[in-house]
Amino acid sequence: MKHIPDFPHAIDDTKTAKDWVKTLSAYREPSTWRSSFELAVSIGPFLLLWGLAWMSMSISPWLTLAISTVNALFLLRLFTIQHDCGHGSFFRQRALSDWVGRVIGVLTLTPYAVWRRTHSIHHSSAGNLGKRGIGDIVTLTVDEYNALSRFERLRYRLYRNPLILFGFGPGYLFLLQNRLPFGLMNSARYWISAMGTNLAIVAALGAIWYFGGFAALLLIFLPTTILAATAGMWLFYVQHQFEDTHWSVEADWHLHDAALEGSSHYIMPPILQWFSANIGIHHVHHLYSRIPFYRLTEVLRDHAELAQANRMTIPESLSCARLHLWDTQRQQLISFAQARALYG
């Protein structure tokens, strides 16, 4: 699958990725009014739907589940706002962005300082074969996979299996893994972030259980959280795990080239683009992460080359789930079956 079939040279060859950074700097300034509005229309409906779901428990559990399912979309949007806060792109005042991010982190079960640091590592090393392991989907090369023992191959196959990655994985990541600052265990700052978030979550869940019982946790909290986490996991996956993505050894790796070429432009219906806060315009985001999410569409409007680059539709993205290994010879992400056919 080629993601730019009609635009083999969609990015102007005379303009380097670094040149684009200079162009995109014009879009970096957030609007306090606009950011406040986007936060209000995200957290307001989220809290309202939580209340409606709570009241509906006395009517029908199926109605409660339906409301919780819709509310997962608002939780996904809140996570993306937290994501912008982590990049310092949501408010001009960094302290304000950080406190908004911390509060949202309780709703998304994500310790803000821990996530901000690991995500920063992801941005600074995406596509670098020499710096994998923190803030990304584990991806092996064909040669690395072939060098594994039979047990290690099985473990990697299980990890990359869609049922594990998008079924078990989101719940494990947000409910369990996020409770400890994995990868940053030696820093008191990140322990404070994780434990502070955990205490706030325990207090909130205790109140929910006290006033609403186990049913409120089962019918509202868990469905909303798990569905939002699953959608978020899928979006993160397709943003970098596509056939013509970019990986290179450290000696050949360049930050801006990897950002532009290794991130997809995920084409979604307008309603899904709204709920995901334009995170599908990921190639622009990775190239200049200080752009507020609501200004990413301005970039595409003003620069047709970027609007046509790395495009991937939802039907096309489904085949990305079968891609597992980086082929260093062909410079493509391939499936286990392709690797077996090509290299035995």
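**Exercise 1. The largest cavity**

How do the residues of the lining of the largest cavity divide into nonpolar, polar and charged? Work it out for this predicted model, starting from the cavities themselves.

*Solution.*
Step 1. Begin with the whole structure: a search finds two cavities of 30 Å³ or more.
Step 2. Pick out the largest cavity, whose volume is about 140 Å³.
Step 3. Collect its lining, which comes to 14 residues. Nearest the centre of this cavity you will find His-122, Ala-126, Gly-127, His-240 and Trp-247.
Step 4. Sort the lining by residue type. Five residues are nonpolar, eight are polar and one is charged. When you sort, remember that Gly counts as polar.

**Exercise 2. The second largest cavity**

Find which residues line the second largest cavity, and sort them in the same three classes.

*Solution.*
Step 1. This cavity has a volume of about 30 Å³.
Step 2. Its lining takes in His-83 and Asp-84, then Ala-277, Ile-279 and His-285, and finally Ile-291, Pro-292, Phe-293 and Leu-296.
Step 3. Sorting the lining gives six nonpolar residues, two polar and one charged.

**Exercise 3. The largest pocket**

Now turn to the open space. Which helix gives the most to the lining of the largest pocket?

*Solution.*
Step 1. The largest pocket holds about 1,200 Å³ of space.
Step 2. Its lining is made up of 42 residues, and those nearest the centre are Gly-135, Leu-173, Gln-177, Met-233 and Phe-236.
Step 3. Look for helices that supply at least two lining residues each: H3, H5, H8 (162-176) and H9 (188-240) do so.
Step 4. Of the contributions to this lining, that of H9 is the most, at eight residues.
Step 5. By type, the pocket lining divides into 24 nonpolar residues, 17 polar and one charged.

**Exercise 4. Two crossing helices**

Describe how helix H3 and helix H5 cross.

*Solution.*
Step 1. Two packed helices are described by the angle between their axes and the distance between the axes.
Step 2. Here H3 spans residues 61-86 and H5 spans residues 112-125; their axes come within 10 Å and cross at roughly 70 degrees.
Step 3. Because of that angle, H3 is roughly perpendicular to H5.
Step 4. Add the hand: the crossing of H3 past H5 is right-handed.

**Exercise 5. A sheet of three strands**

In what order do the three strands of the open sheet lie?

*Solution.*
Step 1. The order is S1-S4-S5, with mixed pairing.
Step 2. At the edges are S1 (140-141) and S5 (332-334), each of which pairs on one side only.
Step 3. Follow S1 to S4 (residues 325-327): the two strands run parallel and are joined by two bridges.
Step 4. For a residue to click on, try Thr-141, whose bridge partner in S4 is Trp-326.

Notes:
Residues numbered from 1 in each chain as written. Predicted model: local features only at pLDDT ≥ 70, side-chain atom pairs only at ≥ 80, totals over all residues. Heavy atoms only, no water. 1 Å grid on protein atoms, 1.4 Å probe; cavity = no way out; pocket = protein on both sides within 12 Å on 5 of 7 lines; lining within 4 Å. Points joined across faces, edges and corners; volume = space filled by probe spheres on them. Pairing = 2+ DSSP bridges. Helix = DSSP H or I, 4+ residues; strand = E, 2+ residues; numbered from the N terminus. Axes fitted to C-alpha atoms, helices over the stretch in contact; angles between N-to-C directions. Parallel < 35°, antiparallel > 145°, perpendicular 65-115°, else oblique. Left-handed = near helix turned anticlockwise from the far one by under 90°.
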